[in-house]
Amino acid sequence: MTTCVSNRPDHRPRFRITGANLSASITVFLIAVPMSLGLAVAIGAPLEAGLLAAAVGGIVAGLLGGSALLVSGPSAGLTVVTAGLIQSYGWRTTCAITVGAGLLQLLLGSLRMARGALAVSPAIVHGTLAGIGVAIALAQLHIVLGGTPQSSAVANALALPGQLSRVSPGAPLVGGLTIAVLVLWPRIPGRPGRALRKIPAALTSVAAATAVAAVAAPDIARVDLPSWSAHLLPEMPHGPALGLITATFTVMLVASLESLLSAVAVDKLTADRPGNTVSRTDLDRELRGQGIANAVSGLLGGMPVSGGAVRGTANVRAGATGRASTVLHGLWMLLAAGLLAIALECVPLAALAALVMVVGVQMVSYAHIRNVHKHREFLVYVATVGGVLLAGVMEGVAIGIAVAVGLALHRLARTRITLEERNSVHRLRARGQLTFLAVPRLSRTLSQVPHGAHAVVELDGSFMDHAAFETLQHWQETHVAQGGRVEVTGRAGTRIAEPPSAAHNCCRPWTPWRNHHCDDHAAQPAPAADSAPDITALKGPGSLRLTSGLSSFQRNTAPLVREELARLAREGQRPSQLFLTCADSRLVTSMITSSGPGDLFTVRNVGNFVPLPGEEASDDSVAAAIEYAVDILGVESITVCGHSGCGAMTALLNTSPDVPQTPLQRWLRHGRPSLERMLNRGHSWARISGRMPDDEIEQLCLTNIIQQLEHLRAHESVARRLTEGKLELHGMYFHVGEAQAYLLADPHELDGVFAQVAPA
């Protein structure tokens, strides 16, 4: 079950330096150092400007941005744009443009326009980034071959044959080694590979290339970090006003799109982590934070900044839990800029160029191409890539938008309407959008259907305007009045327009979960003539409700699930988790978890108890289910789910232990450890999303979940699989009145914090 945590304010400390955050910050730092230097080399900026931008991005955007785990710094997406600005206006004016772009981002974030930026077609966004990636790769290939890049992607491509004819051996050797290590390092197999992969591939590749270059190519060009006393700060912009405004807008657009897309990608990755407690990104706040970071970086003479998916992904996978990892990475970058100058000056430029070239190639994502092709927007993607390479970033975006609009208009106007007769059924198919432009053809085709005939109108499109709707509705009414029959269906044949039914429409499959709040006196449909006698003979409201529900299932649901159930019958069940919850009728596990047949192995009892193994008067049914799920079915996780207003918890609080021992009272003894745990002053009360429980009953419900997780660990099969690392335990609390699920943030904590689950 994929979850992500609500955006509601969290009253816990937002900046906590834990061991996980410290470790993650070092991992990201080791990736960011060579990346920052490589991007500075790629655009022709002072090398210390790359380190400075990484430090500002980590500290400023890390503290002020809307994403806790996104890591900001020099941007690969801005490489082509910034390189062109430096060539046109010089470095100091480029810094001033960066300040202006940051202020513009701050304004847009304050106007809450971040979501609007994501409304651009993905084909245009990914096409822009792919075009930039290709331009980066072409430029850096010249440095890897020992030459100098040209001013544009076209010039770099045209100059490549000449560069190949005068290759010097040193730079290609170093660059090729860097690329080989980058590609092969994550693919080292076995246990040694798992240990070695803890060192980032970027750092390993650059370190290996530096060591080889020191022996094999001592005269190769290397990093040259000038003294900080010679560091250049921004100046008042010089140049045509229109050009400066366009440049500022371009930096703002590319930086914002890359940051927001990276934030969304990091959110998705974070949401997949078990027990996630990190809030989703506030995109408007993130845009404001990026704007302040760019303004500060530009004022200090640094490169433009944006959030990076590579650094953010590394941060999440390294186990970061909050902003501390991002900010600490920025502090390490600041220290590196001041203290590691001698070590950094040993790094060959060809190694950094190879690193950036690989990043550029990776920006052309096959997954994005496949996705764009699937949605029939490949032409927009190709046009955007071509525009970026041939004309520039803003021009490429404009070309992409123009092609997207033209394609949309073409699809809007292109509608195929056909009519065929088969088995006395006249089937009219309309492929595409039905607008007023298609009304003449629609009317002509409809008029060809004979009076009184059975007609099926199949609509394969997502839009029908008023003119087309009235034409179709008028024809349908006329055709039915003349004795004909009309069905209007979608592409799969499901009816999307049919006359209102006199049936008892409120009694649909959802009504058992609405407690049948419908007209109980509505006329019940007469049983079919061929109904089985033993079914129709059932009397009483409960029996009628049962048979009505079964009939509804056979009519509406069974045809949809029959194929899947037949597969499960052949292959057997393979559930992914054991779900242990209360028998309360308000808890519908399939509804809460959005699961279906074969997904959950469910055990229900009063109070969601897990009796300790070997306990006197223990119940072996629960232990047997646990053993079967863990050892035979091989489930990957076990969830203990409690809920608000639990009757078992109320009984535990209100019943004395010495009351007569009915079966229910004997069963409730398995909840006594939970009550004792709650009353024990050595344990602090559990919390829900930063608040305390409403009352003792809710507190006992939460405490019981934690206690039953401890009981689970006492079962031999569970303990063994946990030790092997093949099983996860989860605690879940469902608030019935709010229809809100909460997940235990850390099932290993003695006193739990339940985090709210928000819509994905």
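Two strands pair if DSSP finds at least two bridges between them. Strands here (E, at least two residues) and helices (H or I, at least four) are DSSP runs, numbered from the N terminus. With that in hand, look at phenylalanine 579, which stands opposite threonine 639 in strand E11.

This is a predicted model, in which local features need pLDDT of at least 70 and side-chain atom pairs count only at pLDDT 80 or more, while totals for chains, interfaces and linings use all residues. Residues are numbered from 1 along each chain as its sequence is written, and side-chain values use heavy atoms, with hydrogens and water left out.

## Strand E9 and its partners

Let us stay with strand E9, residues 577-582. Strand E11 (residues 637-643) runs parallel to E9, and 5 bridges join the two. E9 also runs parallel to strand E10, this time with 6 bridges. In that pairing, threonine 581 stands opposite arginine 604 of E10.

How many residues of E9 are buried? The answer is 6 of the 6, so the strand is largely enclosed by the rest of the structure. Buried means under 20% relative accessible area, exposed means over 50%, and partly exposed lies in between (1.4 Å probe, protein chains only).

A helpful rule to keep in mind is that side chains in a regular strand alternate between the two faces of the sheet.

## Two cysteines without a bond

Cysteine 582 is buried, at a relative accessible area of 5%. Why is cysteine 582 not bonded to cysteine 646? Their sulfurs are 4.2 Å apart, and cysteine 646 holds the closest cysteine sulfur, so this is too far for a bond. A disulfide is a pair of cysteine sulfur atoms within 2.5 Å, and by this rule the count comes to 0. Cysteine 646 also counts as buried, with 1% relative accessibility.

## Strand E6 and its partners

Strand E6 covers residues 454-460, and 5 of its 7 residues are buried. It pairs in the parallel sense with strand E5 (residues 425-431) over 7 bridges. Here valine 425 stands opposite histidine 454 of E6. E6 pairs, again in the parallel sense, with strand E7 (residues 485-489) over 5 bridges. In this pairing valine 456 is opposite glutamate 487 of E7.

Between E5 and E6 comes helix H20 (residues 439-446), and together E5, H20 and E6 make a right-handed β-α-β unit. Right-handed means that, with the strands pointing away from the viewer, the path from the first strand over the helix to the second runs clockwise.

## Charged partners

Side chains of opposite charge can pair when their charged atoms come close. A salt bridge is a side-chain nitrogen of Lys or Arg within 4 Å of a carboxyl oxygen of Asp or Glu, and the structure holds 14 of them. Three are listed here.

| Salt bridge | Closest N to O |
|---|---|
| Arginine 429 and glutamate 420 | 2.6 Å |
| Glutamate 487 and arginine 485 | 3.0 Å |
| Glutamate 564 and arginine 567 | 2.6 Å |

Glutamate 487, met above opposite valine 456, is buried at 15% relative accessibility, whereas its partner arginine 485 is partly exposed at 45%. Glutamate 564 and arginine 567 both lie in helix H23 (residues 541-571), 3 residues apart, about one turn of the helix. Salt bridges that share partners also join Glu420, Arg427, Arg429, Arg431, Glu458 and Asp460 into one network.

## Aromatic rings

Rings of Phe, Tyr and Trp (its six-membered ring) pair if their centres lie within 6.5 Å; planes under 30 degrees apart count as stacked, over 60 as edge-to-face and the rest as tilted. The whole structure has 5 aromatic pairs. One of them joins phenylalanine 601 and tyrosine 628, with centres 5.8 Å apart and planes at 40 degrees, so the pair is tilted. Where do these two residues lie? Phenylalanine 601 is in E10 (residues 600-605) and tyrosine 628 in helix H25 (residues 620-632), so the pair ties together parts 27 residues apart in sequence. Phenylalanine 601 is buried at 17%, and tyrosine 628 is partly exposed at 35%.

Another pair, phenylalanine 609 and tryptophan 667, has centres 5.9 Å apart and planes at 45 degrees, so this pair is tilted. Both phenylalanine 609 and tryptophan 667 are buried. Finally, ring pairs link Tyr733, Tyr742 and Phe754 into a cluster.
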